[in-house]
Amino acid sequence: MAKKRVRRANRRNRLKRLVRESFRENQNRLAGMDLVVVAFAAADRERGAVLRSALERQWATLAEECRLR
């Protein structure tokens, strides 16, 4: 998470924790992939449940696209 996008360190750390936790839960679907997560500036103001569901959708999309190749 870049400081340019999310200014406060505590908010950046919160986002990083949520992304790591979500990745660990979906690691079996994403095996063999190297990922870079870039957050929008407004992401630090969203609730955790909204962010988790957005990440779940992204993981599912990535897994599906990689399965088709």
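On one side of helix 1, Asn 10, Arg 17, Arg 24 and Glu 25 are exposed, where exposed stands for over 50% relative accessible area, buried for under 20%, and partly exposed for the range in between (1.4 Å probe, protein chains only). The other side of this helix carries a different set: Arg 12, Leu 15, Leu 18, Val 19 and Ser 22 are buried. Seen down the axis, these buried residues fall within an arc of 125 degrees, so they line one face of helix 1; the arc is taken over the directions from the helix axis to the C-beta atoms. A general rule helps here: an α-helix has 3.6 residues a turn, so residues three or four places apart point the same way.

The model is a predicted one, in which local features need pLDDT of at least 70 and side-chain atom pairs count only at pLDDT 80 or more, while totals for chains, interfaces and linings use all residues. Residues are numbered from 1 along each chain as its sequence is written, and side-chain values use heavy atoms, with hydrogens and water left out.

As a whole, the protein chain has two helices and zero strands; helices (H or I, at least four residues) and strands (E, at least two) are DSSP runs, numbered from the N terminus. Of its 69 residues, 25% count as buried. The C-alpha atoms fill a box of roughly 40 × 20 × 15 Å along the principal axes.

Helix 1 covers residues 9–25, and its 17 residues reach 24 Å from the first C-alpha to the last, close to the 24 Å expected. The expected span is 1.5 Å times one less than the number of residues. For helix 2, with 21 residues, a span of 30 Å is expected, and the end C-alpha atoms are indeed 30 Å apart. Gly 48, Leu 51, Leu 55, Trp 59 and Ala 63 are buried in helix 2. They cover an arc of only 105 degrees around the axis, which puts them on the same side of the helix, whereas Arg 57 and Leu 68 are exposed on the other side.

The two helices meet through these faces: the buried residues of helix 1 pack against helix 2 (48–68), and those of helix 2 pack against helix 1. Val 6, Leu 15, Leu 18, Ala 39, Ala 43 and Leu 51 form the largest nonpolar core, with six residues in all. Such a core is a set of buried Ala, Val, Leu, Ile, Met, Phe, Trp, Tyr and Cys residues joined through side-chain atoms within 4.5 Å. Apart from it lies another core, of five residues, including Val 19, Leu 30, Leu 55 and Trp 59.

Two polar residues deserve a closer look. Ser 22, in helix 1, is buried with a relative accessible area of 3%. Its side chain makes a polar contact of 2.7 Å with that of Trp 59; a polar contact is a pair of N or O atoms within 3.5 Å, where within protein one must be able to donate a hydrogen and the other to accept it, and residues adjacent in sequence count only if both atoms are side-chain atoms. Not counting residues up to four places away in sequence, Ser 22 touches Leu 55, Glu 56 and Trp 59, contact meaning heavy atoms within 4.5 Å. Asp 44 lies in the loop between helix 1 and helix 2 and counts as buried at 11% relative accessibility. A polar contact of 3.3 Å joins its side chain to that of Arg 11.
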